[in-house]
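Work through the exercises below with the sequence and the model at hand. Each task is followed by a solution in steps.

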Amino acid sequence: MKKMLSLIVALMIIATQTPYAYIQPESVMAEQTEQIESVSINVSELTEITNGMITVTYDNTKLLLKSSKAGDTLSSAMCAVSNKDGKVTIGFVSSSVISVEGSLLDIEFERISGTEDISELCSFEINEFISLDKDGKEYNASTDSVKLVSDTVKESAVVSVVGKISEETSLPQVMLNISENTNATNGVFTVKYDPEIIKFENGSVCKAFEGVMAEINEVSPGTIKIAFINNTAISAGGDMIQLDFSAVSEGNTALEVEVNELCNISDDSTKDIICKTISGSLTIDKVEKSKITLTDATAEVSGKADIFVSLPENTGVTNGSMMLEYDTKLVKFDSSEICEAFEGVMAEVNEVEPGKIMIAFIKSDGISIGGNALKLSFTAIAEGETSLALSVKEFSKISVTGDISDIPVETANGKITVTVSEEVEYDVDGNGVVTAIDLVYVQKCILDSLNVTPDIYRRADVNKNGEVNIFDLIRLKQIMLEQG
């Protein structure tokens, strides 16, 4: 039992060292071929054990460790694997006796130099190999059937990712390429990119994957998972997957591809395929954006001002929503009217709150006509200039398959300038003549000043003392009598 406790402590020490359960190979050029040395510590005869420790020593001037993991026969035991200074150590422990036959430790090396047999560059030592008898007492289990088994293989697959701008669509594309004669039947790849530079739209299979069942999903912004399965081994090479993107902003994004799984599954076995990856990059020099424009308008106080919302041609937009903001002290929204570019479009225009107009629209087959889409009518209520700020909430295209793609868009804001015509003295309502209606407006300013416009209140101040009161009403009556 003391030995088992000491081994558990040793396992904890191993676990705190740098683990090498899996080491991701570095990306290399496709024409380079790695020589992979595969080494296993194997038990050839059924053996009962509870715990043990084995150290593999290798020449790290000629072998580069690529991966190390516990063998399948130790699946029910607690294991830890570490690598340090040319040594790979595995420690394992089980609370009960386990029967092992097969691999205890699997290691892969890349040959750096030399032509010696792997057995001359690699050796192992059994530090501990313990079992329990029927009375629960520890004893040293037989190690006669524990051997070092090696194999030399060549990498058989290269997966690369290449970014480009499509000559046909002028949009960003990412191509996944696979080398010939991989004989893969199943695989899972991960492609990573910068979602602040490009946005994923859809994916499709290419010539090398004709007839292959493939699923392409964006699992999160910047990460795409590609899984495939085929009834027969794939031998074709070249482009296998095309990923289509839209440009979000100018800049450069790295394109990384990871091979999560690549194997050949037959009736009686599953064989992992050794694979290298080649990363790429994609540069967006310029982002073409559709421009939505607003016209300017000028109106006199109490007059009408019409502004137009215009779309560019051939956007293909199917859905959109926009917010228009303006100064309610200067203009008042009255109504909207559909124009040529919005013919056949389902559109809603609502003043959601004073100073904010929401515009929403939908057209299943997309909008291709450019020009004026909406006319928005306002009443000018006070002198000044209000900007018309248009912000786009959504501007997208939905395909027949339900895929949604955003259309890059920018806006050109407009303005309404409100002027005051040459005023007729004592004309409170601003209609150009002095009448009894002007007396009514002065009285309204006295009784309900909050519900009159600033210009009317200003003109109702007949005696020009800065406020409207009963004396202004008396003075205006006198003026009207004097004028006959």
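**Exercise 1. A threonine and its surroundings**

Does Thr47 count as buried or exposed, and at what relative accessibility? The model is a predicted one.

Solution.
- Step 1: locate the residue. Thr47 belongs to strand β1, which covers residues 35-58.
- Step 2: apply the cut-off. Buried means under 20% relative accessible area. Thr47 has 10% relative accessibility, so Thr47 counts as buried.
- Step 3: list the contacts, leaving out residues up to four places away in sequence. Thr47 touches Ile98, Ser99, Val100, Phe129, Ala141, Ser142 and Ser145.
- Step 4: look for a polar partner. A polar atom of the Thr47 side chain lies 2.9 Å from the backbone oxygen of Glu45.

**Exercise 2. Strand order and pairing**

Give the strand order of the open sheet of five strands, and name its edge strands.

Solution.
- Step 1: read the order. The open sheet runs β23-β26-β21-β19-β29, and its pairing is mixed.
- Step 2: find the edges. β23 (331-338) and β29 (409-412) each pair on one side only, which makes them the edge strands.
- Step 3: note the twist. From one strand to the next, the twist averages 20 degrees.
- Step 4: take one pairing within the sheet. Strand β19 (residues 290-294) pairs with strand β21 (residues 304-311) in the antiparallel sense, over two bridges. Thr293 has Ser310 in β21 as its bridge partner.

**Exercise 3. The two faces of a strand**

Which residues of strand β20 form the covered face, and which form the uncovered one?

Solution.
- Step 1: recall the rule. In a regular strand, side chains alternate between the two faces of the sheet.
- Step 2: assign the faces. In β20 (residues 297-300), Ala297 and Ala299 are on the covered face, while Thr298 and Glu300 are on the uncovered one.
- Step 3: identify the pairing. β20 and strand β30 (residues 414-419) run in the parallel sense and share four bridges. Opposite Glu300 stands Thr419 of β30.

**Exercise 4. Aromatic pairs**

How many aromatic pairs does the structure hold? Describe the geometry of Phe200 with Phe245 and of Phe209 with Phe228.

Solution.
- Step 1: count. The structure holds 10 aromatic pairs.
- Step 2: classify Phe200 and Phe245. Their rings are 5.7 Å apart, centre to centre, with 65 degrees between the planes, and the pair is edge-to-face.
- Step 3: place this pair. Phe200 is in strand β11 (residues 198-205) and Phe245 in strand β14 (residues 238-247), so the pair ties together parts 45 residues apart in sequence. Phe200 is buried at 9% relative accessibility, and Phe245 is buried at 1%.
- Step 4: classify Phe209 and Phe228. The ring centres lie 4.8 Å apart and the planes are at 55 degrees, so the pair is tilted.
- Step 5: place the tilted pair. Phe209 is in the loop between β11 and β12 (213-220) and Phe228 in strand β13 (residues 223-234), so parts 19 residues apart in sequence are tied together. Phe209 is buried at 0%, and Phe228 is buried at 4%.
- Step 6: extend the pair. Phe189, Phe209 and Phe228 are linked into a cluster by ring pairs.

**Exercise 5. Cysteines**

Why does Cys79 form no bond with the closest cysteine sulfur?

Solution.
- Step 1: count disulfides. The structure holds zero.
- Step 2: check the distance. The closest cysteine sulfur to that of Cys79 is in Cys122, 19 Å away, so it is too far for a bond.
- Step 3: compare accessibility. Cys79 is partly exposed at 30% relative accessible area, whereas Cys339 is buried at 14% relative accessibility.

Key: Residues numbered from 1 in each chain as written. Predicted model: local features only at pLDDT ≥ 70, side-chain atom pairs only at ≥ 80, totals over all residues. Heavy atoms only, no water. Pairing = 2+ DSSP bridges. Axes fitted to C-alpha atoms, helices over the stretch in contact; angles between N-to-C directions. Buried < 20%, exposed > 50% of the residue type's maximum accessible area, 1.4 Å probe, protein only. Phe/Tyr/Trp six-rings, centres within 6.5 Å; stacked < 30°, edge-to-face > 60°. Polar contact = N/O pair within 3.5 Å; in protein donor to acceptor, adjacent residues only side chain to side chain. Contact = heavy atoms within 4.5 Å. Disulfide = S-S within 2.5 Å.
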